Amino acid sequence: MVNRVGIITLGGIGIGIGSFFVLQSASQAIPGAMDTSGNIVHNAEAFIAPASQTTYSPIRDFNIPEPQLHARSGILIDGNSHRVLFAKNPDQKLPIASITKLMTALVVLEDLDINQVYTVTAEDLNIDGNGADFTQGEQLRGTELMKIMLVKSSNDAASVFATSAYRDGVDFVGLMNQKAARLGMSSTHFSDPAGLNDAETYSTASDVGKLVRAAMQKEFLREVTETPWIDVPTLEGTVYHVINTNLLLSLLPDILLGKTGNTTGALGTMALAIAVDGENYLISVVLGSEDRFGETKKLIDWGKQAHTWN
């Protein structure tokens with residue numbers, strides 16, 4: 001006679017009780033059982049598998065209503081559990097503007113040499129038409145160049161990284177898209193390192209949340225993006241005083257990482273990670289907003305008020 005595998009679920013006994021998988025009884029052997037590769041194992045011993053640990057944190061207070069978000073898309077995620085706490089059109093493909101530079105930074109850190117000296121070329125200057133951030137021929141170490149790219153949101157700095165890579169035979173934007181695929185950002189495409197091309201560089205709030213989680217793993221990115229201002233020297237001795245485009249640094253305590261964005265097509269965009277209740281943190285993404293800072297603050301404030309962590 002063939003013995004069958006039974007599944008017993010214990011419910012209603014208390015929080016933390018899950019499912020136990022029982023094969024026959026603990027004292028009997030089961031002929032014809034299979035291992036994890038699908039191979040027959042004779043005289044396999046019965047066993048009881050313990051339930052996996054269930055995470056219930058954070059806990060929602062439903063007496064506090066969800067915020068009204070006027071942005072095209074937005075999402076609020078618990079950083080540790082990856083649970084979505086709020087979402088509006090989270091999978092809508094939209095231009096993300098300079099949030100793109102978080103991916104540029106990841107590619108530089110993982111595929112280029114951040115300590116290398118980078119030279120500004122003519123093609124890197126004034127790429128957005130709003131004035132050049134450097135002078136031709138200037139040289140900066142990668143660490144300093146990245147500070148200007150992330151703090152000031154310099155499009156010229158992003159171009160310097162990509163141009164240098166192309167001169168070395170590296171498809172920089174190709175690496176950005178490969179990295180996006182590895183992170184599971186299946187609705188994302190990059191066409192330039194700065195996020196200026198609204199038609200061909202796009203993502204979703206859900207995908208940007210994955211990008212923020214990846215960026216959070218880089219201590220350098222956390223340190224740079226939470227800096228209100230910084231003085232950055234070139235090898236020639238020029239010092240650039242750059243102010244962070246993230247105005248929330250003066251309004252919200254405990255910001256861990258952030259990146260702003262703004263173009264005509266994308267409108268205002270904002271990606272933010274902020275610490276809450278000890279070792280927990282929230283990820284907020286707002287896309288297509290006329291008030292990116294106000295709506296991001298609204299999401300963060302609601303997340304803190306409507307949830308408790310244990």
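**Entry 1: the largest pocket.** I looked up the lining of the largest pocket and found three nonpolar, 13 polar and five charged residues. Here Ala, Val, Leu, Ile, Met, Phe, Trp, Tyr, Cys and Pro count as nonpolar, Asp, Glu, Lys and Arg as charged, and the others, Gly among them, as polar. A pocket is an open set of points on a 1 Å grid over the protein atoms alone, where a 1.4 Å probe fits, with protein on both sides within 12 Å along at least five of seven lines; lining residues have an atom within 4 Å of a point. Strand S15 (residues 255-263) gives the most to this lining, with four residues. Strands (E, at least two residues) and helices (H or I, at least four) are DSSP runs, numbered from the N terminus.

**Entry 2: a note on the model.** I am reading a predicted model, where local features need pLDDT of at least 70, side-chain atom pairs count only at pLDDT 80 or more, and totals for chains, interfaces and linings use all residues. Residues are numbered from 1 along each chain as its sequence is written, and side-chain values use heavy atoms, leaving out hydrogens and water.

**Entry 3: strand S17.** Next I checked S17 (residues 280-289): ten of its ten residues are buried (under 20% relative accessible area, 1.4 Å probe, protein chains only), so the strand is largely enclosed by the rest of the structure. Which strands pair with it (at least two DSSP bridges)? S9 (residues 73-78) runs antiparallel to S17, with six bridges, and serine 73 has leucine 287 as its bridge partner. S16 (residues 267-276) is also antiparallel to S17, over eight bridges, and there alanine 271 stands opposite valine 285.

Key. Buried means under 20% relative accessible area, exposed over 50%, partly exposed in between (1.4 Å probe, protein chains only). Two strands pair if DSSP finds at least two bridges between them.
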